[in-house]
Amino acid sequence: MFSTLRTGALAALAVVITASTSLMGALPARAEAVGPQVTFGVVASSQGIDLQVGYPRQVDGQQRWELSVALCNRTTRTIPVGPETFSWSTSATRSTWFTVGRTTLGPELGSFQLKPGGCASGGLSTTTLPQQVAFHDLKQGLTIDVVQAGKPSYEPAARPVSPGATGVHGDVTGDRVADVYGQQGLLTQIYRTVPGPALSGWRLGGTSEIAYRWISRTPDLDGNGYADLVASTTDGRILYLRVMEQGRIALPIEIGRGWASSSLFAVTPRTAPGAPTQLFARNSSGQLLRYSLSARGLTSGRVVGTGWSEIRSLFSIGDLTGDGIADLLAVRKDGGLFRYALNGTGSIWNSAKVGRGWGGIRTVSSPGDLNGDQLFDMIGIASDGTLYAWFSRGNGTFSVGHKIGKNWQGVDALS
């Protein structure tokens, strides 16, 4: 977080603003800009954002606290706003993202893209009295602390977590095995992994404004305990999709555009703490390019392969060669499954055919560990709608395909 800047005594400490759909004319006179710190109940500007957070109040003697939020976007960029952009903390050791929840203050703070010049407001609630609140703009690396008058802000020892997170890659239901996201048109459905294993429809993860061409799991990029998602859209954008409590997908953060000519994508899972996350994409010339991926965006690409026009599917299941570095898997047009071993710089140093007969599998990915053995598995849909799973043996090979579902023709992509 930014360094602490103190404000003077402010009489409006306990002002609680009422929720409204617009703040134009609703915000009181702006206090002197205070940089990265705002006092509860006072309107202040920081980094082009006008922000006011009402002092938390207990509701009806219950173990629930509510506060009101109002902000205006004075920047030239669109910024995501919602419960997933505010965190609360009670000490310097833990900070937690707000969740969706009703409030007695009026409408809860919704999730939306706030355009330049736009304003928004709403309520947030927790089950614990927050001592400090913060607004986050992850793409810009901006955090604005909201504190009590006269008290300094502190930096929690870890990034904000989301309630219910186990830290297991791909798990959103709390049972420590990976669950699956399925894309159906504009809808993202979450499928819970149940013993067998099999997939059971669980809940709607989110609705997109434009169809995704591809969607993939990524490591936990924002540090909240849930693996995230990245997607490419039909209009050529790359979106970072944060996964929040119970698999809820936060507002997309655009991290790239002009990708309409790229036809294949893959993201490598994290094989060790601090290991880089890489995104691979094929361009219209058949070249394979590598990018570094983070919550802030993508680095410029580097060509790591040529002649990739014969590849039909591309994905990663992690380390397949035992060197601790995630590798790539690709299905060629002739149905052959190939492993492409990567080195520490993300370049391909070796390839080998590891399977055949994959011509009838139209979509394949790796959501994580599906059977509880702590090894990443694969899942795919055949052209006749049959859902298959292939389980890792831990030595770079996989089991034969197990049928775990049918009638999946309507699912466009899995992650």
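## Starting with one glycine

Which residues does Gly201 touch, not counting residues up to four places away in sequence? They are Gln189, Ile190 and Tyr191. Keep in mind as you look around that this is a predicted model.

Gly201 lies in strand S15. With a relative accessible area of 52%, Gly201 counts as exposed, because exposed means over 50%. Try finding Ile190 as well: Gly201 and Ile190 are eleven residues apart in sequence, and their C-alpha atoms are 6.5 Å apart in space.

## The whole chain

Now step back and look at the full model. The protein chain has 33 strands and zero helices. Computed along the principal axes is how you might picture a box around it; here the C-alpha atoms fill one of roughly 75 × 40 × 35 Å. A compact globule of 415 residues would have a radius of gyration near 22 Å, and the protein chain, at 23 Å, agrees with that.

How much of the chain is buried? Of the 415 residues, 54% count as buried. The accessible surface comes to about 17,200 Å², and carbon and sulfur atoms account for 49% of that surface. Contacts also link distant parts of the sequence: among those between residues at least 6 apart, 50% join residues at least 24 apart. As for charge, the protein chain carries 36 positive and 29 negative side chains, and the centres of these two sets lie 4 Å apart.

## Two nonpolar cores

The largest nonpolar core has 23 residues. Those that touch the most other members are Leu51, Val53, Val69, Leu71, Phe86, Val133 and Phe135. Several strands give two or more residues to this core, among them S3 (49-53), S5 (65-73), S7 (86-91) and S11 (132-137). A second, separate core has 16 residues, including Leu221, Val267, Leu279 and Ala295.

Val133 is a good residue to select in the viewer. Leaving out residues up to four places away in sequence, Val133 touches Phe40, Leu67, Phe86, Ser87, Trp88, Phe98, Ile144, Asp145 and Val146.

## Two buried residues

Let us return to Tyr191, one of the residues that Gly201 touches. Tyr191 is found in strand S14, which covers residues 187-194. Is Tyr191 buried or exposed? Tyr191 has a relative accessible area of 10%, so it is buried, the cut-off being under 20%. Beyond residues up to four places away in sequence, Tyr191 touches Asp179, Val180, Gly182, Gln184, Leu199, Ser200, Gly201, Trp202, Trp408 and Val411.

Ser162 sits in the loop between S12 and strand S13 (180-184). Ser162 is buried too, with a relative accessible area of 3%. Again not counting residues up to four places away in sequence, Ser162 touches Trp97, Asn224, Tyr226, Met244 and Glu245.

## Backbone details in the loops

Where does a cis peptide bond appear? One joins Gly196 and Pro197, with omega about -10 degrees. Pro197 is found in the loop between S14 and strand S15 (198-207).

Two glutamines are worth a look for their backbone angles. Phi of Gln47 is near 55 degrees, a positive value in a residue other than glycine. Gln47 lies in the loop between strand S2 (44-46) and S3, and is exposed, with a relative accessible area of 53%. Phi of Gln246 is likewise positive, near 55 degrees. Gln246 lies in the loop between strand S18 (237-241) and strand S19 (253-257), and is partly exposed at 46% relative accessible area. To link back to Tyr191, Gln47 and Tyr191 are 144 residues apart in sequence and 40 Å apart in space, C-alpha to C-alpha.

## One more loop residue

Finish with Asp323, in the loop between strand S25 (311-318) and strand S26 (327-332). Asp323 is partly exposed, with a relative accessible area of 36%. Which residues does Asp323 contact, leaving aside neighbours within four places in sequence? Asp323 is in contact with Leu342 and Trp349. Asp323 and Gly344 are 21 residues apart in sequence, and their C-alpha atoms lie 9.5 Å apart in space.

Notes:
Residues numbered from 1 in each chain as written. Predicted model: local features only at pLDDT ≥ 70, side-chain atom pairs only at ≥ 80, totals over all residues. Heavy atoms only, no water. Helix = DSSP H or I, 4+ residues; strand = E, 2+ residues; numbered from the N terminus. Rg over C-alpha atoms; globule rule 2.2 N^0.38 Å. Buried < 20%, exposed > 50% of the residue type's maximum accessible area, 1.4 Å probe, protein only. Contact = heavy atoms within 4.5 Å. Areas by Shrake-Rupley, 256 points an atom, 1.4 Å probe, with all protein chains shown as cover. Lys, Arg positive; Asp, Glu negative; His and termini not counted. Charge placed at Lys NZ, Arg CZ, Asp CG, Glu CD. Core = buried A, V, L, I, M, F, W, Y, C linked by side-chain atoms within 4.5 Å.
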